[in-house]
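Me: I am in my first year and still learning to read protein models. Please pick a single part, look at it closely, and then follow it outwards to whatever it touches.

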Amino acid sequence: MKTSMPHIEKAEQLLYDYTPESSFFLASSNHTLLANGVFTCLRDDAMSKYHSLQEQVHAALDKAKRYGLSENPLVVGAIPFNSEQQAYLKVPLFTSWSDALPFKQMTNISGEAPVSSYTIKPVPLPEEYEQAVNQGLKRISTGELKKIVLSRSLEVKTEEKVNIRDLLYRLAMANPDGYTFAVNLNDDTTLDSGQRALIGASPELLISKNGLKVTANPLAGSAPRSHNPDEDAQRSSALLKSVKDRHEHAVVVDSVVEALKPFCKSLHVPEEPSLLHTKTMWHLSSVIEGTLASEEVTSLQLAQALHPTPAVCGTPTITAKKAIQSIEPFDRGLFTGMVGWNDSRGDGEWVVTIRCAEVADYSLKLFAGAGIVNGSTPEGELAETSAKFQTMLQAIGMSRDEAVLIRGRKDAETL
């Protein structure tokens, strides 16, 4: 997505300048953004008790313009899966933009993995996750749900402090076509609070807005990649033909279209899904483009109208959210929320918070989920979440042999 922002620094330098304790970073195949410092931290704003998030953002950006911070200030950060929980949004003091990262010319910050010694605790255990999938399938069979997305986590404890800068670099290098992000989660009012960050490489664009143009790229329906080229090609072809996965994808596309219709005077929706791939997964993808009826609509407003899509929650939405809270043994927090930015003109970009981890000094919490529909199997959804973990696990430095243990069975070919 083109923006009106000037390209003032080389993208790789922005990545080098990223600081876990204070920075917001977002890189896509189009541009790179680094934001530092805090002009206003919205989560600490007293207005939060009385005004909507959209109203708070508008007031904060208006204040920044009045104080002369910028002609077009931004709000950046992360919004959780549960909209009633705390958002991590701020108006930064400094923003720098550049083109996409020049991957072919880049050299690694460090040749070593971000962590070396660690222990991993799956929550829930693989067999417990399969039981959760069965619970979801029972609710679908009774007609209570059409789809539910169930996730699991990996709690990683390390002996040394996680090198978040190297982790971010490795994620970017391994996912050049996705959205690599890092959001500072520190309490900015507390000195020496250590490092807390949300970091990941999402393949999924929730919404982007530039003037009257809007773009959404929902993903639903997935298959693990294979290291065997022939098998990998067969898996991609099977996914494209899969009745179950095409139905799952259609549910998400229909939901996105219905959410965007009230804001748009025209929408272009592909008749057929296409294939999108990451290093570890194949996805069914649809790029939806539209023209807004009014430029007054903001990217955040559109993102809130879309969130959460059936790709990360299920359908019906309210029923699926309640079921997720009763089945999953942990709070998702920022996982399956959104990460991005919104400027004072209303333009912006928000990506779905998947393929991610919450990182503290000596720990990481990784997340992965799978969409459960009629025809899903516990073994298949366990394999899918195991494959989705690989984006973060490989960035940490875990080998494929070690990663097999995450499945609870020896089947390395699907990893």
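Reply:
**Strand S16 and its surroundings**

Let's begin with strand S16, residues 281–285, which is mostly covered: 5 of its 5 residues are buried. Buried means under 20% relative accessible area, exposed means over 50%, and partly exposed is in between (1.4 Å probe, protein chains only). Strands (E, at least two residues) and helices (H or I, at least four) are DSSP runs, numbered from the N terminus.

A word on what you are looking at: this is a predicted model, where local features need pLDDT of at least 70 and side-chain atom pairs count only at pLDDT 80 or more, while totals for chains, interfaces and linings use all residues. Residues are numbered from 1 along each chain as its sequence is written, and side-chain values use heavy atoms, with hydrogens and water left out.

Now look along S16 itself. Met 281, His 283 and Ser 285 point one way, Trp 282 and Leu 284 point the other way, and all of them are buried.

Next, the neighbours. S16 and strand S13 (residues 219–224) run antiparallel, joined by 4 bridges; Trp 282 in S16 is the bridge partner of Ala 223. S16 also runs antiparallel to strand S15 (residues 274–277), again with 4 bridges. Here Ser 274 has Ser 285 of S16 as its bridge partner, and a hairpin of 3 residues leads from S15 to S16. Two strands pair if DSSP finds at least two bridges between them.

Put these pairs together and you get an open sheet of 3 strands in the order S13-S16-S15, with antiparallel pairing. S13 and S15 stand at the edges with a single partner strand each, so one side of each has no neighbour in the sheet. From one strand to the next, the twist averages 30 degrees. Another pair to find on screen is Leu 276, whose bridge partner in S16 is His 283.

Helix H6 packs on this sheet, touching S13 and S16, and its direction makes about 150 degrees with that of S13. Contact here means heavy atoms within 4.5 Å. Axes are lines fitted to C-alpha atoms, for helices over the stretch in contact, and angles run from 0 to 180 degrees between N-to-C directions.

From H6 we can step onwards to another helix. Two packed helices are described by the angle between their axes and the distance between the axes. H6 (residues 243–260) packs against H7 (residues 299–306) at an angle of about 135 degrees, with the axes 9 Å apart. H6 and H7 are therefore oblique to each other. As for the cut-offs, under 35 degrees counts as roughly parallel, over 145 as roughly antiparallel, 65 to 115 as roughly perpendicular, and the rest as oblique.

The crossing of H6 and H7 is right-handed: the near helix is turned clockwise from the far one by less than a right angle, whereas anticlockwise would be left-handed. Val 256, Ala 259 and Leu 260 of H6 meet Leu 302, Ala 305 and Leu 306 of H7. The residues of this contact divide into 6 nonpolar, no polar and no charged. Ala, Val, Leu, Ile, Met, Phe, Trp, Tyr, Cys and Pro count as nonpolar, Asp, Glu, Lys and Arg as charged, and the others, Gly among them, as polar.

H7 leads us to another sheet. This open sheet has 9 strands in the order S3-S5-S4-S19-S20-S11-S12-S17-S14, with antiparallel pairing. Its edge strands are S3 (40–41) and S14 (264–268), each pairing on one side only. S14 pairs with S17 (residues 288–292) in the antiparallel sense over 4 bridges, and Leu 267 stands opposite Gly 290 in S17. Helix H2 (residues 53–66) packs on the sheet, with S3 and S4 among the strands touched. H7 packs on the sheet as well, touching strands that include S11 and S17, and its direction makes about 155 degrees with that of S11.

Finally, H2 and H7 meet: their axes come within 10 Å and cross at roughly 165 degrees. That makes H2 roughly antiparallel to H7, and their crossing is right-handed. Leu 53, Gln 54 and Val 57 in H2 meet Leu 300, Gln 301 and Gln 304 in H7. By class, this contact has 3 nonpolar, 3 polar and no charged residues.
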